[in-house]
Amino acid sequence: MPSKTIIYLVRHGQTEWNVEQRLQGHQDSPLTKLGISQAEWLEEALRQEPIDVAYSSSSMRARRTAEIIKGKRELQITDCDVFKEISLGDWEGKTQSELEANDSEQLYYFWNDPAQFYVPGSERFEDVQHRAIQKLNEIVQSNEGRSILIVTHTVVVKLIMAYFEKLPLKELWNPPYIHPASLCKIVIENNIAEIILHGDIKHYKEEPSAG
């Protein structure tokens, strides 16, 4: 019987800058109290599921989320710079409302035509997808038949899921919305990937808020 490889792909919990609608990119801010709870809800939901290896973006908001989801497992979490959020260059630390006022064209591209997006110091969406998918494939190839936890960020989750769905960048922001600590589950068998969950928040114990 061929073995199944399971990927649990998770966005970090809500952060202080999420609440402020402030863009983080490679910068960071701490998890809020709710963000910690969101990660704890997911830990409870996954508690009986085997997780053999764990990887996290090296940003602390993702690493903290991964540590909470790990729970009491004796599991080493591997930090990966390649799973960091898209670098947003000059945008980092700015709010959505500031960008709407001062850089509306690029904000439009970000949400509606990501292939056209670029601001000084930022990464391009296709480059982020390349780095994330290359690492993901390496991890899958070296962990065949195992269960893999990856904790990362909104854009990276969207780009990985678009890869599995074979979506063009133009359709990147199609639903579902990737809530904080939401769960995507992909099962790979015979080199065929099946999406089981996409942006799932059934583990939430209260209504989701923006973030």
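Which residues touch the most other members of the largest nonpolar core? In this predicted model, that position is held by Ile7, Leu9, Trp91 and Phe125, within a core that comprises 38 residues. Several elements contribute at least two residues each to this core, namely the strands β1 (5–11), β2 (53–57), β4 (147–152) and β5 (183–189), together with the helices α5 (104–112), α6 (125–142) and α7 (154–165). Of the contributions to this core, the largest share comes from α7, which supplies 8 residues.

The surroundings of Leu9 were examined with residues up to four places away in sequence left out of the count. On that basis, Leu9 touches Ile150, Thr152, Val157, Ile160 and Met161, and its contacts further include Ser182, Leu183, Cys184 and Ile186. Apart from the largest core lies another one, of 16 residues, which has Tyr8, Val10, Ile51 and Ile69 among its members.

Helix α3, spanning residues 60–70, is mostly covered, as 8 of its 11 residues are buried. The buried residues of this helix are Arg61, Ala62, Arg63, Thr65, Ala66, Ile68, Ile69 and Lys70, a list in which arginine and lysine side chains appear alongside alanine and isoleucine. The cover over the buried residues of α3 includes the strands β1, β2, β3 (77–80) and β4, as well as the helix α2 (33–46). Just after α3, Gly71 adopts a positive phi of about 60°.

Arg64 is also placed in helix α3, but this residue counts as partly exposed because its relative accessibility is 40%, a value that lies between the limits of 20% for buried and 50% for exposed residues. When residues up to four places away in sequence are not counted, Arg64 touches Leu31 and Ile36. The C-alpha atom of Arg64 is separated by 11 Å from that of Gln14, although the two residues are 50 positions apart along the chain.

Charged pairs were considered next. The structure holds 10 salt bridges, including one between Asp28 and Arg61, in which the closest N and O atoms are 2.8 Å apart. This pair links distant parts of the chain, since Asp28 belongs to the loop between α1 (16–19) and α2, whereas Arg61 lies in helix α3, at a separation of 33 residues. The two partners fall into separate accessibility classes: Arg61 counts as buried because its relative accessibility is 2%, while Asp28, with a relative accessibility of 29%, counts as partly exposed.

A further salt bridge joins Glu43 to Arg47, with the closest N and O atoms 2.7 Å apart. Here Glu43 is buried, its relative accessible area being 11%, whereas Arg47, at 46% relative accessibility, is classed as partly exposed. In the salt bridge between Arg22 and Glu20, the corresponding closest N and O atoms are 2.9 Å apart. Both partners of this pair are partly exposed, Arg22 with a relative accessibility of 26% and Glu20 with a relative accessibility of 41%.

Salt bridges also form a network that links Arg63, Glu67 and Asp79. Of the residues in this network, Arg63 is among the buried residues of helix α3, as is Arg61, the partner of Asp28 in the salt bridge described above.

Conventions: Residues are numbered from 1 along each chain as its sequence is written. This is a predicted model: local features need pLDDT of at least 70, side-chain atom pairs count only at pLDDT 80 or more; totals for chains, interfaces and linings use all residues. Side-chain values use heavy atoms; hydrogens and water are left out. A nonpolar core is a set of buried Ala, Val, Leu, Ile, Met, Phe, Trp, Tyr and Cys residues joined through side-chain atoms within 4.5 Å. Buried means under 20% relative accessible area, exposed over 50%, partly exposed in between (1.4 Å probe, protein chains only). Helices (H or I, at least four residues) and strands (E, at least two) are DSSP runs, numbered from the N terminus. Contact means heavy atoms within 4.5 Å. A salt bridge is a side-chain nitrogen of Lys or Arg within 4 Å of a carboxyl oxygen of Asp or Glu.
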